[in-house]
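These are my notebook entries on one structure, taken down in the order in which I looked things up.

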Amino acid sequence: MLEVKEVQKRYRRKMVLHHVSFQMKEGEIVGLVGENGAGKSTLLQILATVLQPSAGELRLHGKRYEDDLKQIRQKIGYVPQDIAIWDEYTVEENMRFFERLSWKRRSLEECRNLCLEMQLTQWKEPVHSLSGGMKRKLNIAISLLHDPIFLLLDEPTVGIDLKSKTEIGNYLRDLAKKEGKMILYTSHDMDEITNVCDRVYSIGDDPFYTSLLKERGIVVERLS
Ligand SMILES: Nc1ncnc2c1ncn2[C@@H]1O[C@H](COP(=O)(O)OP(=O)(O)OP(=O)(O)O)[C@@H](O)[C@H]1O
Ligand SMILES: [Mg+2]
């Protein structure tokens with residue numbers, strides 16, 4: 001379980017997150033929506049331990065982030081908004097490289113299966129020759145190497161075709177429903193949010209996304 005209490009973030013004078021409080025349970029897949037600059041990536045970075053909040057408390061499985069950051073980090077998988085992989089190396093080489101950095105040992109076959117489960121089949125091809133969608137899939141596969149229980153994805157499906165988008169959406173839903181992972185992800189695609197997520201949170205005071213989702217019968221809870 002994830003518990004977020006009264007989290008705030010300020011960049012110098014600018015207040016980005018105001019009193020964010022919410023909870024998530026195992027097996028839930030939750031969407032985070034909001035206009036550009038609303039603070040979605042900031043919140044994901046705080047939850048991923050990449051950024052410190054200015055105030056507030058975070059707990060994963062009852063443990064406070066500030067008490068045991070190392071242990072918390074081992075339970076979290078994070079895919080940042082900007083793709084972070086080695087362009088000149090193949091899919092296999094990237095998976096081998098990140099497996100070495102991971103807390104959990106994985107065989108080459110397990111690494112390959114993580115890719116295949118998302119229909120990423122170009123094992124021997126250099127990353128620079130892959131499409132944007134395939135690179136995203138590789139980023140997600142890397143984030144799953146250490147078998148995290150909490151997965152944070154910042155716009156994992158931006159700019160990719162409907163087929164890859166659907167494959168990624170289905171895969172994430174399976175991860176939540178079959179493996180009990182908690183998944184929080186941001187997207188600007190309301191069709192996808194409607195199809196994939198159990199619940200939706202919004203950040204920012206622009207009612208645009210909230211009313212779009214309301215028309216589809218999705219209740220959106222405002223966080224900040
Ligand atoms: N390192 C930083 N220093 C100062 N201000 C920042 C920093 N990072 C983000 N901001 C500001 O904080 C606000 C929220 O940014 P953030 O990237 O979290 O928004 P977002 O909701 O993810 O937007 P997008 O949909 O464009 O990805 C913006 O006004 C941004 O300019
Ligand atoms: Mg962002």
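What percentage of the 224 residues in the protein do buried residues make up? I looked this up before anything else and found 51%. I note here that the model is a predicted one.

**Entry 1. Overall form**

I listed the secondary structure and obtained eight helices and ten strands. The radius of gyration came out at 17 Å, close to the 17 Å of the globule rule for 224 residues, so the protein is as compact as a globular protein of that length. Along the principal axes, the C-alpha atoms fill a box of roughly 45 × 40 × 35 Å.

I then turned to the contacts with a separation of 6 or more, and 67% of them come from residues 24 or more positions apart. For the surface, I recorded an exposed area of about 11300 Å², of which carbon and sulfur atoms supply 48%. The charges are 34 positive and 34 negative, and I found their mean positions 4 Å apart.

**Entry 2. The magnesium ion**

Which protein donors does the magnesium ion (ligand 2) have? I found Ser41 (OG) and Gln81 (OE1), at 2.0 to 2.2 Å from the ion. Serine 41 belongs to helix α1 (residues 40-47), while glutamine 81 sits in the loop between β6 (76-79) and α3 (91-101); the pair therefore ties together parts that are 40 residues apart in sequence. I checked the accessibility of glutamine 81 as well: its relative value is 34%, so this residue counts as partly exposed.

**Entry 3. Helix α1**

Since serine 41 lies in α1, I examined the cover of that helix. Seven of the eight residues of α1 are buried, and the helix is mostly covered. I wrote down the buried ones as Lys40, Ser41, Thr42, Leu43, Leu44, Ile46 and Leu47. Following α1 comes threonine 49, for which I read a positive phi, near 70°.

**Entry 4. Positive phi at two histidines**

I kept in mind that most residues other than glycine have a negative phi. Histidine 19, not a glycine, nevertheless has a positive phi of about 45°. I located histidine 19 in strand β2 (residues 14-24), and its relative accessibility of 45% makes it partly exposed.

Where does histidine 61 lie? I placed histidine 61 in the loop between β4 (55-60) and β5 (63-64). Its phi is also positive, near 50°. With a relative accessible area of 41%, histidine 61 is partly exposed.

**Entry 5. Leucine 2 and valine 33**

Is leucine 2 buried or exposed? I found a relative accessibility of 0%, so leucine 2 counts as buried. Leucine 2 is part of strand β1 (residues 2-11). Beyond four places in sequence, I recorded its contacts with Phe22, Gln23, Met24, Leu47, Arg59, Leu60, Tyr65, Phe150 and Met182. One of these, Leu47, is among the buried residues of α1. From leucine 2 to glutamine 71, 69 residues away in sequence, the C-alpha distance is 14 Å.

Valine 33, in strand β3 (residues 29-33), is buried at 0% relative accessibility. Its contacts beyond four places in sequence include Lys40, Ser187, Met190, Ile193 and Leu213. I also found valine 33 touching Val200, Tyr201, Ser202, Ile203 and Tyr209. Between valine 33 and isoleucine 168, 135 residues apart along the chain, I read a C-alpha separation of 18 Å.

**Entry 6. Valine 220 and aspartate 205**

I assigned valine 220 to strand β10 (residues 220-222). The relative accessible area of valine 220 is 16%; the limit for buried is under 20%, so valine 220 is buried. Which residues is valine 220 in contact with, leaving aside its neighbours within four places in sequence? I noted Val200, Tyr201, Ser202, Thr210 and Leu213. Glycine 31 lies 189 residues from valine 220 in sequence, yet I found 9.4 Å between their C-alpha atoms.

My last look-up concerned aspartate 205, in the loop between β9 (199-202) and α8 (208-215). Aspartate 205 is exposed, with a relative accessible area of 61%. Not counting residues up to four places away in sequence, I found aspartate 205 touching Glu35 and Arg222. The C-alpha atoms of aspartate 205 and leucine 153 are 22 Å apart, with their positions 52 residues apart along the chain.

Definitions and conventions. Residues numbered from 1 in each chain as written. Chains lettered and ligands numbered in written order. Predicted model: local features only at pLDDT ≥ 70, side-chain atom pairs only at ≥ 80, totals over all residues. Heavy atoms only, no water. Helix = DSSP H or I, 4+ residues; strand = E, 2+ residues; numbered from the N terminus. Rg over C-alpha atoms; globule rule 2.2 N^0.38 Å. Buried < 20%, exposed > 50% of the residue type's maximum accessible area, 1.4 Å probe, protein only. Contact = heavy atoms within 4.5 Å. Areas by Shrake-Rupley, 256 points an atom, 1.4 Å probe, with all protein chains shown as cover. Lys, Arg positive; Asp, Glu negative; His and termini not counted. Charge placed at Lys NZ, Arg CZ, Asp CG, Glu CD. Donors = N, O, S within 2.8 Å, 3.2 Å for Na, K, Ca; no water.
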